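Hi,

Here is the structure I said I would pass on. Have a look at it first, and then read my notes underneath.

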Amino acid sequence: KTAEVLGGKVVGIYFSAHWCPPCRGFTPKLAEWYTQSYQAKGMEIVFVSSDRGEEAFNDYFAEMPWKALPFADRERKEALSTKFKVQGIPTFVILGTDGSIITKDGRSAVTADPKGEDFPWKPKPFHELIGDAFVGQGKAPLDQSAVEGKVLGLYFSAHWCPPCRGFTPKLAEWY
């Protein structure tokens with residue numbers, strides 16, 4: 001039963017295929033990291049195959065130390081691919097113990113942290129990312145109190161960007 005195997009664990013859903021060169025490069029690394037770190041930390045991985053046949057699936061899955069969705073369950077494979085908006089492979093989606101999405105870019109998360117020191121790779125809260133030092137007009141330094149309790153809009157722009165050069169004055173006018 002799924003609940004018995006995956007219940008209470010962080011789950012990585014690994015969309016991959018034997019015929020895919022980037023997958024063939026990533027799978028051995030993920031298997032190494034999983035057996036050396038992630039499994040002991042409470043992670044389970046489920047392989048969801050995009051292989052073209054059961055024989056290729058069986059050969060590829062034999063290289064993996066985790067679980068797999070049965071190859072014959074193509075309907076569930078399609079449902080999972082749709083749910084997580086899989087555009088290409090390899091894709092590694094990480095779910096929290098409650099089933100919520102931690103990241104759809106688990107491949108980047110685990111590649112940057114093969115030992116799992118930041119497991120389960122939850123995104124940092126916005127306040128940590130934005131920091132507490134800002135500048136106002138004339139480059140006057142401002143602290144966290146300048147933005148506290150306000151609705152923030154982040155505007156990413158560049159002086160060399162023609163659409164930005166047209167939009168920035170309008171945004172300033174509306175502000």
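Below is what turned up when I went looking for pockets.

Before anything else, keep in mind that this is a predicted model.

Let's start with the largest pocket. How much space lies in it? The answer is about 940 Å³. Its lining is made up of 19 residues. If you want to find the middle of this pocket on screen, pick out V135, Q137, G153, Y155 and Y175, which lie nearest its centre. Two elements, β6 (133-135) and α7 (162-174), each put at least two residues into the lining. Of the elements, α7 gives the most, with three residues. As for the chemistry, the lining of the largest pocket has 14 nonpolar residues, along with four polar ones and one charged.

Now for the second largest pocket, which holds about 470 Å³ of space. There are 21 residues lining this one, and T2, L6, V11, I13 and V46 are the closest to its centre. Which elements give two or more residues to this lining? They are two helices and three strands by label: α1 (2-6) and α4 (74-83), plus β1 (10-16), β2 (43-49) and β3 (67-68). Here α1 gives the most, with three residues. Sorted by class, the lining of the second largest pocket comes out as eleven nonpolar, six polar and four charged residues.

If you only have a minute, colour α7 and α1: α7 gives the most to the lining of the largest pocket, and α1 does so for the second largest.

Cheers

Technical notes:
Residues are numbered from 1 along each chain as its sequence is written. This is a predicted model: local features need pLDDT of at least 70, side-chain atom pairs count only at pLDDT 80 or more; totals for chains, interfaces and linings use all residues. Side-chain values use heavy atoms; hydrogens and water are left out. On a 1 Å grid over the protein atoms alone, a cavity is a set of points where a 1.4 Å probe fits but cannot get out, and a pocket is an open set with protein on both sides within 12 Å along at least five of seven lines; lining residues have an atom within 4 Å of a point. Grid points are joined across faces, edges and corners, and a volume is the space filled by probe spheres set on the points. Helices (H or I, at least four residues) and strands (E, at least two) are DSSP runs, numbered from the N terminus. Ala, Val, Leu, Ile, Met, Phe, Trp, Tyr, Cys and Pro count as nonpolar, Asp, Glu, Lys and Arg as charged, and the others, Gly among them, as polar.
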